[in-house]
Amino acid sequence: MHTIRKLLFCSIPCLFYLTACSTLPDQALYTESIAKDIRMNTLNSQFDVSYSIDCCVMPKKKKDFLSLNIETMLYTCRLNLSIDDGMKTILDRFFTISGMADIQNKQNGIRYLGETTLFAYAFFENTVTRLIVTSKLPNHVRFSFFMKDGEKYLLLESFHVKTLDGLLEIDDVIDSIPLRYEDIKKAYTFFTDKEGLTAIRQKQLLIAKAAKQTKKEAENTEAVVIEAVAPTEVHEAEAESETDVVHTDKVSDSDIPEVKREE
């Protein structure tokens with residue numbers, strides 16, 4: 001039984017590696033910037049970091065994600081957090097507890113909210129490196145409701161990242177980062193506005209379809225032009241080859257000098 005467990009646990013990282021290594025950051029259909037370069041101190045080490053938050057809309061609703069970019073001293077760590085696969089539940093809990101704290105007139109405290117799966121990347125200059133978060137559940141991060149002196153934060157708890165695939169060799173611990181209430185509120189409002197999201201998705205899908213059609217027509221036009229030019233070039237080549245041929249006049253028998261035999 002112990003051997004079976006070992007084989008099972010060993011197979012999970014291998015399977016994850018095979019399915020995730022080739023994955024690069026998803027290209028969003030539409031991106032709404034919520035917060036840009038917000039400077040904060042990490043909770044434990046008091047390191048100076050900055051973060052940015054983007055709400056990313058995909059062609060299918062279940063693929064929508066919240067993108068959190070953390071500027072560290074050496075690289076940018078990007079966490080793509082799926083809304084449907086855990087992040088929506090965490091945000092719901094965050095604002096529920098926030099309301100309870102207001103009712104009870106709380107000023108300080110912390111409450112665990114849950115954990116969610118993600119895709120993690122490291123950006124440095126023109127390179128992108130796929131990361132894996134090592135925790136109790138591989139590739140999951142934990143969030144908590146955090147309140148200090150009456151100020152509310154969504155706390156991204158400390159996590160460890162390592163290189164999964166790419167040029168950068170990373171083995172790093174990122175300390176807990178408090179995310180401002182107003183930034184999280186904007187993101188939550190964006191993803192809970194169903195009518196607004198539907199309108200954005202439909203509009204961007206039409207734009208993408210039109211762009212694809214325009215590109216296809218341009219490629220077809222280019223192909224027609226090439227086909228039209230090709231026969232002309234062949235005829236010109238044939239004409240040039242004809243002018244290069246040297247015509248030799250026929251030599252008659254009378255033109256051959258008579259050779260006399262000496263006796």
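Here a trainee and a mentor talk through how some labels on this predicted model are earned.

Trainee: What should I keep in mind about the model before we start?

Mentor: It is a predicted model, where local features need pLDDT of at least 70, side-chain atom pairs count only at pLDDT 80 or more, and totals for chains, interfaces and linings use all residues. Residues are numbered from 1 along each chain as its sequence is written, and side-chain values use heavy atoms, with hydrogens and water left out.

Trainee: How do you know that the structure holds zero disulfides?

Mentor: A disulfide is a pair of cysteine sulfur atoms within 2.5 Å. The sulfur of C55 has its closest cysteine sulfur in C56, at 7.4 Å, so the two are too far apart for a bond. Hence the count of zero disulfides.

Trainee: What makes C55 and C56 buried?

Mentor: Buried means under 20% relative accessible area, exposed over 50%, and partly exposed in between, with a 1.4 Å probe and protein chains only. C55 has 0% and C56 has 2%, so both fall under the 20% cut-off.

Trainee: Why is T117 called partly exposed?

Mentor: T117 has a relative accessible area of 27%, and that value lies between the 20% and 50% limits. T117 sits in strand 5, a strand being a DSSP run of E with at least two residues, while a helix is a run of H or I with at least four, both numbered from the N terminus. The C-alpha atoms of T117 and L137 are 8.7 Å apart, with their positions 20 residues apart in sequence.

Trainee: How do you know that I90 is buried?

Mentor: Its relative accessible area is 1%, which is under the 20% limit. I90 belongs to helix 2, and its C-alpha is separated by 8.1 Å from that of T116, 26 residues away along the chain.

Trainee: What makes the span of helix 2 close to the expected one?

Mentor: The expected span is 1.5 Å times one less than the number of residues. Helix 2 has 21 residues, and its 28 Å from first C-alpha to last is close to the expected 30 Å. Helix 3 (residues 181–192) has 12 residues and reaches 16 Å, close to the 16 Å expected.

Trainee: How do you know that the buried residues of helix 2 line one face?

Mentor: The buried residues of helix 2 include I83, M87, I90, L91 and F94. Seen down the axis, the buried residues of helix 2 fall within an arc of 165 degrees, so they line one face; the arc is that of the directions from the helix axis to the C-beta atoms.

Trainee: And what makes the largest pocket a pocket?

Mentor: On a 1 Å grid over the protein atoms alone, a pocket is an open set of points with protein on both sides within 12 Å along at least five of seven lines, whereas a cavity is a set where a 1.4 Å probe fits but cannot get out; lining residues have an atom within 4 Å of a point. The largest pocket holds about 370 Å³, where grid points are joined across faces, edges and corners and the volume is the space filled by probe spheres set on the points. Of its 17 lining residues, F47, D48, V49, T72 and M73 are the closest to its centre.

Trainee: Which strands each supply at least two residues of that lining?

Mentor: Strand 2 (48–57), strand 3 (65–71) and strand 10 (171–174) do.
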